[in-house]
Amino acid sequence: APDRAVPLDAGDVATALFVDRHRRELGPWSPDAFARVRDVLLGYRFYPPAVMLRRTAFEEEGRPVRLGDRLGLGLVLTSLPGLPPLLLPAVAEVHLAESGPERASLGYRTTLRHYGRGEWRAVVRREGERLVLEVDCHVRPCRWYAWLGGPVSLRSPRAAFSAGAYNLRAAAASVSAPARSPA
């Protein structure tokens, strides 16, 4: 569970080992598609459960996310065949939560109970007639197992982003297409 007593320690982008920025189109713009994607993002359901487990007070309390909310996270890593996946627990704090008619954003900073030091920020917005996602992050491993994992640790954020972008694209696509009149 997210612990309020754990201090923040987001590190610095200048000392991060992994700095990344991604941009993906999620599909055509529509208010309904945006509303669905916004709800997934602001509920921090960006990552599918096969990638990241989460526990949040705002979800348990049935309210919108707020600045300062803590996220209890568990990064799911595949282990050896026949064994259950590994779960890397972490706690992060929301420092960005905005929602408007054509733009929504969510961001968090890591705490001392995170395997990396860094920040993550996602923005979904209208760009012309397209719905676009941008994610910025920086991370510096801070646990022995994250350092030992080396290349795998650096690949994990990219794979997680791809799964998250696919998750949002599926949310946007789940909005039924408007009926067309026969020509």
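Rings of Phe, Tyr and Trp (its six-membered ring) are taken to pair if their centres lie within 6.5 Å, with planes under 30 degrees apart counted as stacked, over 60 as edge-to-face and the rest as tilted. One aromatic cluster in the chain is formed by Tyr44, Phe46, Tyr47, Tyr108, Trp120 and Phe161. The structure is a predicted model, in which local features need pLDDT of at least 70 and side-chain atom pairs count only at pLDDT 80 or more, while totals for chains, interfaces and linings use all residues. Residues are numbered from 1 along each chain as its sequence is written, and side-chain values use heavy atoms, with hydrogens and water left out.

The pLDDT, the predictor's confidence in each residue on a scale from 0 to 100, has a mean of 84 over the chain, and 85% of the residues reach 70 or more. Among the elements, which are DSSP runs numbered from the N terminus (helices, H or I, at least four residues; strands, E, at least two), helix H1 (residues 31-42) has the highest mean pLDDT, 96, and helix H3 (residues 144-173) the lowest, 75. Over residues 179-183 the pLDDT is below 50, and this stretch has 0 contacts in the model beyond near neighbours in sequence, a contact being heavy atoms within 4.5 Å.

Two strands are treated as paired if DSSP finds at least two bridges between them. An open sheet of 7 strands results, with antiparallel pairing and the order E1-E7-E6-E5-E4-E3-E2. Strand E1 (18-28) and E2 each have a single partner strand and stand at the edges, so one side of each lacks a neighbour in the sheet. On average, neighbouring strands are turned by 20° against each other, direction ignored; axes are lines fitted to C-alpha atoms, for helices over the stretch in contact, and angles run from 0 to 180 degrees between N-to-C directions. H1 packs on the sheet and touches E1, strand E4 (86-99), E5, E6 and strand E7 (130-141), its direction making about 15° with that of E5.

Strand E3 (residues 70-77) pairs with E2 in the antiparallel sense over 5 bridges, and arginine 55 stands opposite glycine 72 in E3. E3 and E4 also run antiparallel, joined by 8 bridges, with leucine 77 opposite leucine 86 in E4. Of the 8 residues of E3, 6 are buried, where buried means under 20% relative accessible area, exposed over 50% and partly exposed in between (1.4 Å probe, protein chains only).

The count of aromatic pairs comes to 9. Tyrosine 44 and tyrosine 108 form an edge-to-face pair, at 5.7 Å centre to centre and 85° between the planes. This pair links distant parts of the chain, 64 residues apart: tyrosine 44 lies in the loop between H1 and strand E2 (52-56), and tyrosine 108 in strand E5 (residues 103-110). The relative accessible area of tyrosine 44 is 2% and that of tyrosine 108 is 7%, so tyrosine 44 and tyrosine 108 are buried. The ring centres of phenylalanine 46 and tyrosine 47 are 4.7 Å apart and their planes stand at 85°, so this pair is edge-to-face. Both phenylalanine 46 and tyrosine 47 are buried.

Arginine 125 lies in strand E6 (residues 116-127) and counts as buried at 18% relative accessibility. Its side chain is joined to that of glutamate 134 by a polar contact of 3.5 Å, a term denoting a pair of N or O atoms within 3.5 Å; within protein, one must be able to donate a hydrogen and the other to accept it, and residues adjacent in sequence count only if both atoms are side-chain atoms. Neighbours within four places in sequence left aside, arginine 125 is in contact with Glu102, Arg103, Arg130, Leu131, Val132 and Glu134.
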